[in-house]
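Work through the exercises below with the coordinates open. Each task is followed by a solution in steps.

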Amino acid sequence: MPQPNAESERTRLLESTAPLERMAYFRSELQLQDEAMAVLAPYSEVFVTYAKDYADQLYAKFDRFAQTQLMLHRESSPGRLRRSWEYWFRALWTSGLDERFINMVWRSGVLHVSLGIDQRFIDLAYGYTRSYCRDMAEREVPLPELRKVLRTVDALLDFCMLLATDAFISSTQRCDTEVMMGVAHQLRNPLTVIGGNAMRIRRNRDSCADAHDHSQVILEEALRLERLVKAVGSYVNILNQKPEFQICSVPQLMLETLQELRPEYPSPDFEPELDLAENNALVRGDERCLRPLFLQTLRNSLQAMDKANPRLRIASRPSTATRGFLQIEIENSGPAPDPDMIEALFEPFHSIRPMGTGFGLPIARLAAKKCMGSVTLTATPHGGRYTILLALPGAAGESVFFAGE
Ligand code: HEM
């Protein structure tokens with residue numbers, strides 16, 4: 001899906017490298033040293049001829065399930081995913097498990113996490129891959145050699161799966177740790193201020209002329225903490241939510257959200273421009289995620305708006321780049337966001353507003369991901385534009401895998 005900023009984010013992710021030492025340990029535990037790999041060498045030429053068929057078959061398998069079908073449509077350009085899988089399959093038999101191959105599998109694991117692909121689907125894909133490779137070997141390898149080859153094929157796929165699992169654990173652990181460290185850091189400053197001001201009042205209990213100012217500071221910091229706690233709570237809530245998909249009306253949810261935000265409008269007569277055609281503005285999503293997604297993006301747009309010339313435009317239409325998705329655009333007048341800073345804004349605690357919690361856009365992105373959608377921000381000549389992609393009703397088959405998730 002060609003998204004603004006998606007490519008730079010992808011480049012950043014793909015710069016990470018696999019923990020080679022740990023992988024060398026797994027490789028030796030699985031007895032996948034060069035001698036074992038040599039067993040496969042006589043067949044690598046014939047195995048690689050299966051690459052296209054393998055990629056097509058894997059694609060067909062995941063195109064059957066509603067959730068993964070939407071994932072498949074999220075490739076950055078048409079056919080790229082199948083080409084990646086083909087490339088990976090060829091490298092499986094020809095790379096000799098070199099550093100480049102190990103990094104490729106690791107990075108694909110990191111990319112899958114960033115795309116929000118459920119790790120269980122990845123495990124399932126490795127399960128299909130194993131059956132595919134075993135069938136292929138049974139067809140191509142003479143019987144006396146078959147047992148040895150199958151043993152190595154199994155070990156090879158175990159190794160790839162371990163690599164993908166390692167990437168998954170490292171990526172998710174890194175996110176969890178960063179959020180926890182961030183919360184600790186955000187708590188420290190206001191608590192220090194609250195403690196300091198309370199001490200001053202206490203020390204000069206009888207004659208504290210500044211008591212009013214000190215208590216004002218305490219109050220402001222307490223409010224800041226309250227906002228932070230609320231934001232973290234809402235983030236964790238969405239994180240733990242199992243989406244229940246229904247058909248939702250974007251205009252209805254937008255209008256309700258705008259009503260909620262009315263007190264934050266720049267003036268009582270301010271009105272956003274709406275271009276949300278009712279007949280093609282239905283999506284398949286969970287209202288409990290769509291509401292915070294719209295709230296956070298609209299609130300951010302309102303706050304970023306040029307106060308002298310406030311303009312907010314909300315439009316929707318079926319996406320031409322990502323079939324099966326509705327594209328919603330929220331555009332505001334005002335200073336354009338710095339393209340180099342945009343991705344950081346979607347990470348917790350990166351706020352450009354002094355009183356911001358830094359959770360608004362992370363909540364929006366998480367909520368979009370939960371609905372198999374996405375949200376990105378781009379600079380325009382006159383301000384900023386959020387682009388939200390959400391699945392249209394009927395975008396995916398009716399068979400929902402992992403029911404209720
Ligand atoms: C055997 C299991 C799998 C392997 C070995 C694998 C491997 C890869 C590789 C090598 C890439 C390219 C990474 C890069 O650009 O450097 C990739 C990308 C991707 N994979 Fe997988 N993958 C697997 C399973 C899945 C599954 C089950 C899904 C979804 C249902 C999936 C969805 C994607 C998507 C959406 C991309 C990004 C495509 C693009 O925009 O280019 N993958 N995968």
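The exercises concern a predicted model and go from the whole chain to single residues.

**Exercise 1. Overall description**

Task: State how many helices and strands the protein chain has, and what share of its residues is buried.

Solution. Step 1: the protein chain contains 15 helices and seven strands. Step 2: it has 405 residues, and 45% of them count as buried. Step 3: the accessible surface is about 20800 Å², with 55% of it on carbon and sulfur atoms. Step 4: among contacts with a separation of 6 or more, 78% join residues 24 or more positions apart.

**Exercise 2. The iron site**

Task: Find the protein donor of the iron atom in the ligand and place it in the secondary structure.

Solution. Step 1: the iron has a single donor from the protein, namely NE2 of H112. Step 2: the distance between them is 2.2 Å, which is within the 2.8 Å cut-off for a donor. Step 3: H112 belongs to helix α8, residues 99–114.

**Exercise 3. Cysteines**

Task: Count the disulfides, then examine C133 and C248.

Solution. Step 1: the structure has zero disulfides. Step 2: for C133, the nearest cysteine sulfur is that of C160, 9.2 Å away. Step 3: for C248, the closest cysteine sulfur is in C371 at 7.5 Å, and no bond is assigned because this is too far. The cut-off for a pair is 2.5 Å. Step 4: C133 is buried, with a relative accessible area of 0%, and C248 is also buried, at 3%.

**Exercise 4. Nonpolar cores**

Task: Describe the largest nonpolar core and say which elements and domains supply it.

Solution. Step 1: the largest nonpolar core consists of 57 residues, and W88, F89 and W93 have the most contacts inside it. Step 2: elements giving two or more residues to this core include α2 (20–29), α7 (80–94), α9 (119–140) and β7 (383–391). Step 3: α10 supplies the largest share of this core, 12 residues. Step 4: domain 1 (6–175) and domain 3 (246–391) each provide at least three residues of this core. Step 5: setting aside neighbours within four places in sequence, W88 contacts Y54, F101, M104, V105, Y126, T129, L157 and C160. Step 6: apart from this core lies another, of 48 residues, including V283, L312, A367 and L377.

**Exercise 5. Positive phi**

Task: Locate Q31 and M372 in the chain and give the phi value of each.

Solution. Step 1: Q31 has phi near 55°, a positive value in a residue other than glycine. Step 2: Q31 sits in the loop between α2 and α3 (34–38). Step 3: phi of M372 is near 65°, again positive in a residue other than glycine. Step 4: M372 is in the loop between α15 (360–370) and β6 (374–380), and counts as buried at 9% relative accessibility.

**Exercise 6. The surroundings of H350**

Task: Is H350 buried, exposed or partly exposed, and which residues does it touch?

Solution. Step 1: H350 lies in the loop between α14 (342–345) and α15. Step 2: its relative accessible area is 37%. This falls between the 20% and 50% limits, so H350 is partly exposed. Step 3: not counting residues up to four places away in sequence, H350 touches A344, L345 and G358. Step 4: the C-alpha atoms of H350 and G360, 10 residues apart along the chain, are 9.6 Å from each other.

Terms used. Residues are numbered from 1 along each chain as its sequence is written. This is a predicted model: local features need pLDDT of at least 70, side-chain atom pairs count only at pLDDT 80 or more; totals for chains, interfaces and linings use all residues. Side-chain values use heavy atoms; hydrogens and water are left out. Helices (H or I, at least four residues) and strands (E, at least two) are DSSP runs, numbered from the N terminus. Buried means under 20% relative accessible area, exposed over 50%, partly exposed in between (1.4 Å probe, protein chains only). Contact means heavy atoms within 4.5 Å. Accessible areas come from the Shrake-Rupley method with a 1.4 Å probe; for residues, only the protein chains shown count as cover. Donors are N, O and S atoms within 2.8 Å of the metal (3.2 Å for Na, K and Ca); water is not among the atoms, so sites may look incomplete. A nonpolar core is a set of buried Ala, Val, Leu, Ile, Met, Phe, Trp, Tyr and Cys residues joined through side-chain atoms within 4.5 Å. Domain bounds come from an automatic or database domain assignment.
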